[in-house]
Amino acid sequence: MPPKVDPNQVVYVVIRSTGGEVPGGSVLAPKLGPLGVAPKKAGDDIAKATQAYKGLKVTVRLAIQNRQATVEVLPSASTLIIQALKEPARDKKKEKNIKHNGNISLEQIYEIARKIQHKSYAKEFSGNVKEVLGTAFSVGCTVDGQSPQDLIQKIQSGEIETPSA
């Protein structure tokens with residue numbers, strides 16, 4: 001029998017799920033069962049917390065203390081970029097290999113870079129912006145009508161001045 005869990009101890013469980021949907025019980029039960037948290041209730045909390053990211057893959061961190069789970073959403077750069085494109089929700093079972101061909105402003109890129117700054121290993125804010133521009137390139141969208149690769153070159157050469165965080 002495993003040792004008793006200290007009620008004051010905070011345990012973090014990280015789960016990647018689709019926004020607005022309840023993750024399957026087969027995903028939650030092995031992680032939450034030993035901690036004494038009901039997987040159904042935690043799944044409903046996750047679905048409620050990720051409603052803003054409906055249809056997008058998002059990382060969720062559950063902080064479990066005294067058999068109570070609090071949900072914290074940790075969106076990735078690609079999730080934030082796709083959300084900034086304001087595309088309609090798609091049925092992921094029917095539509096596969098989606099190409100995202102929209103246009104977002106450089107200000108939106110700066111906002112996304114500020115949101116994910118805590119996860120980044122870049123020393124300066126310009127490094128964060130270049131990370132987000134690289135993600136925008138992989139998603140397949142343009143920034144202010146230009147290729148994100150061109151903007152990265154302009155930031156490196158000093159043509160574009162990035163604001164401080």
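A salt bridge here is a side-chain nitrogen of Lys or Arg within 4 Å of a carboxyl oxygen of Asp or Glu. In this predicted model, the side chains of Glu111 and Arg114 meet that description, with 3.2 Å from N to O. Both residues sit in helix 4, and because they are 3 residues apart, about one helical turn separates them. Glu111 is partly exposed, at 43% relative accessibility. Arg114 is partly exposed too, at 29%.

The structure holds 4 salt bridges in total. Another one joins Asp45 and Lys41, at 3.4 Å from N to O. This pair also stays within one helix: both residues belong to helix 2, residues 39–49. They are 4 residues apart, about one turn of the helix. Asp45 has a relative accessible area of 21%, which makes it partly exposed. Lys41 is partly exposed as well, with 49%.

A further salt bridge is formed by the side chains of Arg61 and Glu72, at 2.8 Å from N to O. This pair links distant parts of the chain. Arg61 is in strand 2, while Glu72 is in strand 3, residues 68–74. The two are 11 residues apart. Arg61 counts as partly exposed at 27% relative accessibility, and Glu72 counts as partly exposed at 36%.

Between those two strands lies a loop, and Asn66 is in it. Asn66 has a positive phi of about 55 degrees, yet it is not a glycine. Most residues other than glycine have a negative phi. Asn66 counts as exposed, at 51% relative accessibility.

Now turn to helix 3, residues 77–84. How many of its 8 residues are buried? The count is 6, so the helix is mostly covered; buried means under 20% relative accessible area. The buried residues are Ala77, Thr79, Leu80, Ile81, Ile82 and Ala84. What do they pack against? Their partners are strand 2 (57–65), strand 4 (103–104), helix 4 (106–115) and helix 5 (125–139). Strand 2 thus appears twice in this account: it is packed against by buried residues of helix 3, and it holds Arg61 of the salt bridge to Glu72.

Take the helix 5 contact next. Helix 3 and helix 5 pack at an angle of about 65 degrees, with their axes 9 Å apart. The two helices are therefore roughly perpendicular to each other. Helix 3 passes helix 5 in a right-handed crossing. On the helix 3 side, the residues that meet helix 5 are Ala77, Ser78, Ile81 and Ile82. On the helix 5 side, they are Val132, Thr135, Ala136 and Val139. By class, the contact of helix 3 with helix 5 has 6 nonpolar residues, 2 polar residues and no charged ones.

Ser78 brings in another residue of helix 5. The C-alpha atoms of Ser138 and Ser78 are separated by 8.6 Å, although the two residues are 60 apart along the chain. Ser138 is located in helix 5. Is Ser138 buried or exposed? Ser138 is exposed, with a relative accessible area of 59%.

The other helix partner is helix 4, the home of the Glu111 and Arg114 pair. Helix 3 and helix 4 pack at an angle of about 145 degrees, and their axes are 10 Å apart. Their crossing is right-handed. Helix 3 contributes Ala77, Leu80, Ile81 and Ala84 to this contact. Helix 4 contributes Gln108, Ile112 and Lys115. The residues of this contact divide into 5 nonpolar, 1 polar and 1 charged. Ala77 and Ile81 take part in the contact with helix 5, and they also take part in the contact with helix 4.

Past the end of helix 3 comes Lys86, whose phi is positive, near 55 degrees. Farther along the chain, Asp144 has a positive phi of about 50 degrees, and it is not a glycine. Where does Asp144 lie? Asp144 lies in the loop between strand 5 (142–143) and helix 6 (148–157). At 40% relative accessibility, Asp144 counts as partly exposed.

Technical notes:
Residues are numbered from 1 along each chain as its sequence is written. This is a predicted model: local features need pLDDT of at least 70, side-chain atom pairs count only at pLDDT 80 or more; totals for chains, interfaces and linings use all residues. Side-chain values use heavy atoms; hydrogens and water are left out. Buried means under 20% relative accessible area, exposed over 50%, partly exposed in between (1.4 Å probe, protein chains only). Contact means heavy atoms within 4.5 Å. Axes are lines fitted to C-alpha atoms, for helices over the stretch in contact, and angles run from 0 to 180 degrees between N-to-C directions. Angles under 35 degrees count as roughly parallel, over 145 as roughly antiparallel, 65 to 115 as roughly perpendicular and the rest as oblique. A crossing is left-handed if the near helix is turned anticlockwise from the far one by less than a right angle, and right-handed if clockwise. Ala, Val, Leu, Ile, Met, Phe, Trp, Tyr, Cys and Pro count as nonpolar, Asp, Glu, Lys and Arg as charged, and the others, Gly among them, as polar.
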